[in-house]
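Please open the model in your viewer and keep the selection tool at hand, since this tour moves from one selection to the next. At each stop, take a moment to look before reading on.

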Amino acid sequence: LLLASATQAVSAAEVTFVLRIQNGRVPEKMRLIRVKQNDVVKLQWSTDKAISLHLHGYDIEKAVAPGAVTEMTFTARATGRFAVAPHLAAQPGGGHAHGDVLVTIEVYP
């Protein structure tokens, strides 16, 4: 049992991705991120226009301002595909809408 938990700790990694949003988009080569379950994932966001981002499935929201780097960090406990999309203006009757997916994160067991 001790060996199993030691192996799990060794297999988890800390991974960082530097992501730049320009004209409402992330470069094509950065739109798909693959990580392993239990990795500590750091997304370092910068942008040319103020934007609010939402990581679906992990329910993390961050405001990103021009001229600054904003870090979105989470431990990839849930497996599957998770989208990061911008929040758009509030909708009539409450709630909000999302823009086009900027990045898709795939978490593998």
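Begin by selecting residues 51-55, which make up strand S4, and note that this strand of the predicted model is mostly covered, with four of its five residues buried. Add residues 60-64 to the selection, and you will have strand S5, which runs antiparallel to S4 and is joined to S4 by five bridges. To see how the two strands line up, pick Ile-51 and look across to S5, where Val-64 stands opposite. Then follow the chain through the hairpin of S4 and S5, where four residues lie between the strands, and stop at Gly-57, whose phi is positive, near 90°.

**Positive phi away from glycine**

Which residues have a positive phi although they are not glycines? Asn-23 and Asn-38 can be selected in turn. Asn-23, with a phi of about 55°, sits in the loop that runs between strand S1 (14-21) and strand S2 (32-36), and Asn-23 counts as exposed because its relative accessibility is 59%, where exposed means over 50%. Asn-38, with a phi of about 80°, belongs to the loop between S2 and strand S3 (40-47), and with a relative accessible area of 34% this residue is partly exposed.

**The sheet of three strands**

Now select S1, S3 and S6 together, and you will see an open sheet in which the three strands follow the order S1-S3-S6, with mixed pairing. The edge strands are S1 and strand S6 (70-75), each of which pairs on one side only. If you turn the view slowly, look for the angle between neighbouring strands of this sheet, which is 20° on average when direction is ignored. Between S3 and S6 there are six bridges, and these two strands run antiparallel; to find one position along this pairing, select Leu-43 and then Met-72, its bridge partner in S6.

**Charged pairs**

Side chains of opposite charge can pair when their charged atoms come close. How many salt bridges are counted in this model? The count comes to four, and the next selections visit some of them.

Select Glu-14 and Lys-42, which form a salt bridge with their closest N and O atoms 3.3 Å apart. Because Glu-14 lies in strand S1 and Lys-42 in strand S3, this pair ties together parts that are 28 residues apart in sequence. Glu-14 is exposed, with a relative accessible area of 55%.

Next select Glu-28 and Arg-31, whose closest N and O atoms are 2.8 Å apart in another salt bridge. Here Glu-28 counts as exposed at 61% relative accessibility, whereas Arg-31 is partly exposed, with a relative accessible area of 23%.

For the last stop, select Arg-81 and Glu-106, whose side chains meet in a salt bridge at 2.3 Å, N to O. Since Arg-81 lies in strand S7 (residues 80-90) and Glu-106 in strand S9 (residues 103-108), the pair ties together parts that are 25 residues apart in sequence. Is each partner buried or exposed? Arg-81 is exposed, with a relative accessible area of 57%, while Glu-106 counts as buried because its relative accessibility is 8%, and buried means under 20%. Finally, add Arg-34 to the selection, and you will have the network of salt bridges that links Arg-34, Arg-81 and Glu-106.

Terms used: Residues are numbered from 1 along each chain as its sequence is written. This is a predicted model: local features need pLDDT of at least 70, side-chain atom pairs count only at pLDDT 80 or more; totals for chains, interfaces and linings use all residues. Side-chain values use heavy atoms; hydrogens and water are left out. Buried means under 20% relative accessible area, exposed over 50%, partly exposed in between (1.4 Å probe, protein chains only). Two strands pair if DSSP finds at least two bridges between them. Axes are lines fitted to C-alpha atoms, for helices over the stretch in contact, and angles run from 0 to 180 degrees between N-to-C directions.
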